[in-house]
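Biologist: I am new to this structure and would like a close look at one part of it. Please begin with a single residue, then show me how its surroundings fit into the rest.

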Amino acid sequence: MNREKFDQIEPQIDGASALAPDTTGWNFYEVDQGLRDILALYLTPKLLAHLIPHLSELGEMASGVLDQAANLADKHPPILHARDRFGRDEDWIEYHPAYRELEKVAYGHFGIHAMSHRGGILGWSDPFPAVAKHAFTYLFNQAEFGLGCPINVTDSGVHALKLFADSEIQQRFIPRMTTTNIDELWQGAQFMTEREGGSDVANITTKASFKNGEWHLYGEKWFCSNADASVSLLLARPEGASAGSRGLGLFVMPRILDDGSRNYYRIIRLKDKLGTRSMASGEIKLEGAIAYPIGAVENGLKQMLEMVNWSRLSNGVKSAALMRRAVHDATAVINHRIVFGQPLIEKPLAKRQLLKIRLPAEESLSLFMFTAEALDRSSGYGGNSPSQEASAILRLATPVLKFRATRDAREATGDALEMRGGLGYIEEWINPRLVRDAHLGSIWEGSGNVVALDAVTRAVGRHSCHKPFAAVLHARVDEAVGLPAYYAKKLHSLVDKAIELIEWVASSNQNESHARRATSILYHTSAAVLMAWEGAKTYNLRGDARRILWSWLVVQHRLSSLDPFETRTDLNEGNFTEILLGSDDVTMSEVSKII
């Protein structure tokens, strides 16, 4: 086609207006109907009413001032100053002012790190349930992913201290780790990885020596995020302890000693990372650092894993946040970009691609809310008795969420980049940062293989957590009042098949190679059940059953075998695409016709 003919069909618009806008001016809470609906199912009306103004405030900040600060902090990463001008080892880390502004909002204004541990945050007299806390985590990390790690390890470090530390240690550290006074705050860190052992913690070589009534640590930690934190929890092997993971002790190590001097360890260098550039990750050399044992020194790994499990849940929430931000960006593009004379939203393939980006985002939202609710029940939140059944569900749900959501985030953020086109590859836009940050999730707190094996061989094989897990999924199907009977039957069958598969994998080391597949199938099955339950509950609350259609898409595209040579067209595809990408409420009758 010559240029003259091409001009006849292409609108004459200037270069700037031809580009799709980003999400500036959005409110990430107000536009997320799924989040608002699910919170209404898990939180009491009184608490939800109290939180809505705060969630809305954070949703607006996340697309505006926080997003701008995060962009600056990403482009100006921290700098390590190993010595001062006199040659003294005063290793300190210089942060861009934008990162400090992010800290003020997260720790000072909203107190996300302290929400689970004390009352008085945001004017609420009691600690918040995990469901509420992670709603804030979810919104904040749609703007800034790097600081999410320090927030989480401060939060999870307090959790470990409350569980295992004696009263003296608790009184010394916890008040300063849960304050919202940014000038008095002691941020936390978790130093576990070493060159000799990443996920294989049995190879940890850091030594703990008891001298003159104090414990001193010697060795190196290889990947220390929030490297200059005021308080670090870490594993070390006491002198004389047995080899392997059972000989490890858990210690808490202050950055500054009681006399105001620096503790005996140095930050050797900072990591030049693919993503999370705003946050300092470094290598630490322990040179007799004073530390304090947490609980029995022979139970260190077991105690540390409590902290890791909290972090894995947070990890899943953060990956869900990256996917949701990718959805927001792709939605802005598809609704405003003009291609070949038409809005992109009118292109069937583009709409299908947006559904492909949205589906894993919706799945992860349902799974992390379910997991957070299990955490609340397992801990006896609200004065209730701690539930052993919920503890077993949490033990399996956490690695399942962490395994699949972190992997899906890599694809969803990449597809959103492609939706924006060439601009998505330019660092001035959000997409490169989302893609880079998404790759951290699947290696942080255990790589995919390690986490899948944890779910299958430990949670299922050793602790039989799949039995109460299956029971609660079946119960959710039964609670989905109004769900078409044939679809409820289908979901019950999928749960049984997913449990049968994961039992088979756990039954023999010879089946280990299927651990990833079994974990993914349990994730998708759980998402389909939870979405159906959420859709039925939401329909009874406000007359919208659309979430059942997301459940149905999971079944069709994640749990069904599709013939790659199939030529038939699903006559309902255009219909449910318009419904899911639209804003009108969907009746149960409409859902029944489609599925």
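Modeller: Happily! Our starting point is Gln342, which sits in strand S11, made of residues 342-343. Please keep in mind that this is a predicted model. Gln342 has a relative accessibility of 32%. Since buried means under 20% and exposed means over 50%, Gln342 counts as partly exposed. If we set aside its neighbours within four places in sequence, Gln342 is in contact with Arg337 and Lys347. Now look across to Gly108: its C-alpha atom lies 46 Å from that of Gln342, and the two residues are 234 places apart along the chain.

Another partly exposed residue makes a good companion. Leu423 belongs to the loop between helix H11 (388-420) and helix H12 (431-441), and its relative accessibility is 25%, so it too counts as partly exposed. Not counting residues up to four places away in sequence, Leu423 touches Leu19 and Trp429. Its C-alpha atom is separated by 51 Å from that of Tyr292, a residue 131 places away along the chain.

With those places found, here is the whole chain. It holds 19 helices and 11 strands, and along its principal axes the C-alpha trace spans about 80 × 55 × 50 Å. A compact globule of 595 residues would have a radius of gyration near 25 Å, and because the chain has 25 Å, it agrees with that expectation. Buried residues account for 55% of the 595. As for contacts between residues at least 6 apart in sequence, 73% of them join residues at least 24 apart.

Next, the helices. Helix H2 (residues 33-42) is a good one to follow into the interior. Its buried residues are Gly34, Leu35, Asp37, Ile38, Leu39 and Tyr42. Among the elements that cover them are helix H3 (45-63), H6, helix H10 (348-378), helix H14 (466-479), H16 and H17.

Take H6 (residues 130-140) from that list. The axes of H2 and H6 come within 11 Å and cross at roughly 165°, so the two helices are roughly antiparallel to each other. The crossing is left-handed. On the H2 side the contact is made by Leu35, Leu39 and Tyr42, and on the H6 side by Val131, Ala135, Tyr138 and Leu139. By class, this contact has 7 nonpolar residues, with no polar and no charged ones. Leu35, Leu39 and Tyr42 also appear among the buried residues of H2.

Two other helices in the cover of H2, namely H16 and H17, also meet each other. The axes of H16 (residues 515-542) and H17 (residues 546-558) come within 7 Å and cross at roughly 160°. That makes H16 roughly antiparallel to H17. H16 passes H17 in a left-handed crossing. From H16, the residues in contact are His524, Ala528, Met531, Ala532, Glu534, Gly535 and Ala536, and they meet Arg547, Ile548, Trp550, Ser551, Val554, Val555 and Arg558 of H17. This contact has 8 nonpolar, 3 polar and 3 charged residues.

A further pair is formed by helix H7 (residues 148-164) and helix H9 (residues 300-336), whose axes come within 9 Å and cross at roughly 150°. Because angles over 145 degrees count as roughly antiparallel, H7 and H9 are roughly antiparallel. Their crossing is right-handed. H7 brings Gly148, Cys149, Asn152, Val153, Asp155, Ser156, Gly157, His159, Ala160, Leu163 and Phe164, which meet Gln303, Glu306, Met307, Trp310, Ser311, Ser314 and Lys318 in H9. These residues divide into 7 nonpolar, 8 polar and 3 charged.

Let us finish in two loops. Leu122 lies between helix H5 (97-110) and H6. Its phi is near 55°, a positive value in a residue other than glycine. With a relative accessible area of 14%, Leu122 is buried. Asn226 is found in the loop between strand S5 (214-225) and strand S6 (231-238). Although Asn226 is not a glycine, it has a positive phi of about 55°, and at 2% relative accessibility it counts as buried. Gln342, where we began, is partly exposed.

Key: Residues are numbered from 1 along each chain as its sequence is written. This is a predicted model: local features need pLDDT of at least 70, side-chain atom pairs count only at pLDDT 80 or more; totals for chains, interfaces and linings use all residues. Side-chain values use heavy atoms; hydrogens and water are left out. Axes are lines fitted to C-alpha atoms, for helices over the stretch in contact, and angles run from 0 to 180 degrees between N-to-C directions. Helices (H or I, at least four residues) and strands (E, at least two) are DSSP runs, numbered from the N terminus. Angles under 35 degrees count as roughly parallel, over 145 as roughly antiparallel, 65 to 115 as roughly perpendicular and the rest as oblique. A crossing is left-handed if the near helix is turned anticlockwise from the far one by less than a right angle, and right-handed if clockwise. Contact means heavy atoms within 4.5 Å. Ala, Val, Leu, Ile, Met, Phe, Trp, Tyr, Cys and Pro count as nonpolar, Asp, Glu, Lys and Arg as charged, and the others, Gly among them, as polar. The radius of gyration is taken over C-alpha atoms; the globule rule is 2.2 Å times the number of residues to the power 0.38. Buried means under 20% relative accessible area, exposed over 50%, partly exposed in between (1.4 Å probe, protein chains only).
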